[in-house]
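Let us walk through this structure together, one part at a time. Please keep the sequence and the 3D view open as you read.

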Amino acid sequence: MASSSAPLSATSVASSSPPPSAKTAKPPTPLPPLVPRGSLPPENDWASAAAYLIDKPLGWSSHDACAKLRGALRHRTRNRKIKVGHAGTLDPLATGLLVVCVGGGTKAVDQFVAMEKEYTGTLRLGLSTPSMDLETAGMTGGGGEGGSGRGERAGAGRGGDGDAEGTAGPSSSVSSLSSSSSSFSSSPSSPSPPPPSLPSDDSLVRAIPHPWEHVTDADLERAARSLTSSSLLQSPPMFSAVSVKGERLYLAARRGERVERPAREISVTRFDVRRRGSRLLGEGEGGGAAEREREGGGGAAAGGEGPPCPDVDFRVACSKGTYVRVLAADLGTAAGTAAHLVALRRTRIGAASVEDAWPLLDLVAAVRGEEETPEEREQREERERARRREREQQRTRGMDARV
């Protein structure tokens, strides 16, 4: 009998005689076709597997964005039920790239979630806040203020929408598993983590100011380097929807109680920072902030070109599950002060860029097959903003009643 002369591949050889007890590995789900700005699925094929690239606007939750697209698809398909799910949460206070999978594309959500993500944003030195971001910056005491139920942060362990733990006083919640960060001698030493259920934690019920004018560009650059590693440990923030022993962390946080949280391994492959009014540290020619400081520049805090600015712009590339607000607060701690996140925008998921993403309401109008004037669009967007404000107020009132 004639035999085939074609050589067997490694895959075919491995699969030809599996061990008796081995389970056949399930092949990965193929990634669905991307739907960037200006393109749509073929007509009458709205339920086919697809991944829509959406530029999520400020104030929208990821769930709300999915619901809006789902409603448009049902309108176009005359109430046909279509699976819709996002691949990584973005907080309502964040903007940028949101990948929304449709139909059979929802099976590939985990593959998008596992991809590296890139963010740009702004942190502010000199103030630690209970939620490590702008949402609780006005809290002066009392766990009921701030409206930080943070149900939207439930997916942050998957999506990495940015969060942080710690101030200039308490320990940093990110510690390096590699020895490279131990050479950062100018950051304060990291005490041991707080014990479980630490009652009446002042940092959980009010924002706390810290001196920050002494921080130089060199301090910021060194702090960012200390937090750049392929292997870091990061604990979820107290104001998050992560469950510990059956209770959402934000419920304990609103009582002023700090709970011991298991740390998760993450990676930060890039962390560039820039004090407002200066170039992005770590980029461009020259020796960087440390060299400029030795030459007498000293950055914004010592340059003599006006008062220093507490706002620091950054760009970070990180793995799934990274809380960027944690990184923001830990950078402040490592630089010798405190910091909180004031703005965040996701610019990349894997190779997908926000530059190719649909503005959410433009996509909804295109899917529905509607054409509208600029005036009609402005009126529609204002109605949407009013409905979101009302929903957020109802959600906050409901959380206050439960607590």
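**A guided tour**

At 41% relative accessibility, Arg255 counts as partly exposed, a class that lies between buried (under 20% relative accessible area) and exposed (over 50%), using a 1.4 Å probe and protein chains only. Its salt-bridge partner is Glu257, with the closest N and O atoms 3.3 Å apart. Glu257 is partly exposed too, at 23% relative accessibility. A salt bridge here is a side-chain nitrogen of Lys or Arg within 4 Å of a carboxyl oxygen of Asp or Glu.

Before going further, a word on the source: this is a predicted model, in which local features need pLDDT of at least 70 and side-chain atom pairs count only at pLDDT 80 or more, while totals for chains, interfaces and linings use all residues. Residues are numbered from 1 along each chain as its sequence is written, and side-chain values use heavy atoms, with hydrogens and water left out.

Now for the overall picture. The protein has 10 helices and 16 strands; these are DSSP runs, numbered from the N terminus, with helices (H or I) of at least four residues and strands (E) of at least two. Of its 403 residues, 47% count as buried. Contact means heavy atoms within 4.5 Å. Among contacts between residues at least 6 apart in sequence, 79% join residues at least 24 apart. For a pair that is distant in sequence, look at Val215 and Ala335: they are 120 residues apart along the chain, but their C-alpha atoms are 6.6 Å apart in space.

Val215 also leads us to a helix. This residue sits in the loop between strand S8 (208–209) and H5, and Val215 counts as buried because its relative accessibility is 0%. How much of H5 is covered? The helix is mostly covered, with 8 of its 10 residues buried. Those residues are Asp217, Ala218, Asp219, Leu220, Glu221, Ala223, Ala224 and Ser226.

Within H5 there is a salt bridge to find. Arg225 pairs with Glu221, and their closest N and O atoms are 3.8 Å apart. The two are 4 residues apart in helix H5 (residues 217–226), so about one helical turn separates them. With 12% relative accessibility, Glu221 counts as buried.

The structure holds 12 salt bridges, so let us visit some others.
Asp272 and Arg270 meet through their side chains at 2.6 Å, N to O. Asp272 is buried, with a relative accessible area of 10%, whereas Arg270 counts as partly exposed at 29% relative accessibility. Elsewhere, salt bridges with shared partners join Glu116, Glu118 and Arg348 into one network.Next, turn to a pair of helices. Two packed helices are described by the angle between their axes and the distance between the axes. The axes of helix H2 (residues 62–76) and H9 come within 8 Å and cross at roughly 15°; axes are lines fitted to C-alpha atoms, for helices over the stretch in contact, and angles run from 0 to 180 degrees between N-to-C directions. That angle makes H2 roughly parallel to H9, since angles under 35 degrees count as roughly parallel, over 145 as roughly antiparallel, 65 to 115 as roughly perpendicular and the rest as oblique. H2 passes H9 in a right-handed crossing, meaning that the near helix is turned clockwise from the far one by less than a right angle, while anticlockwise would be left-handed.

Which residues of H2 meet H9? On the H2 side they are Ala65, Lys68, Leu69, Gly71, Ala72, Leu73, His75 and Arg76, and on the H9 side Leu360, Leu361, Leu363, Val364, Ala366, Val367 and Arg368. The residues of this contact divide into 10 nonpolar, 2 polar and 3 charged. In that grouping, Ala, Val, Leu, Ile, Met, Phe, Trp, Tyr, Cys and Pro count as nonpolar, Asp, Glu, Lys and Arg as charged, and the others, Gly among them, as polar.

Staying with H9 (residues 360–368), its buried residues include Leu360, Leu361, Leu363, Val364, Ala365 and Val367. Just after H9, Gly369 takes a positive phi of about 75°.

That brings us to backbone angles. Most residues other than glycine have a negative phi, and most peptide bonds are trans. Met132 has a positive phi near 65°, and its place is in the loop between strand S6 (127–128) and helix H4 (156–159). Lys245 also has a positive phi, near 55°, and lies in the loop between strand S10 (243–244) and strand S11 (247–248). Are these two loop residues buried or exposed? Met132 is buried, with a relative accessible area of 5%, whereas Lys245 is exposed, at 87%.
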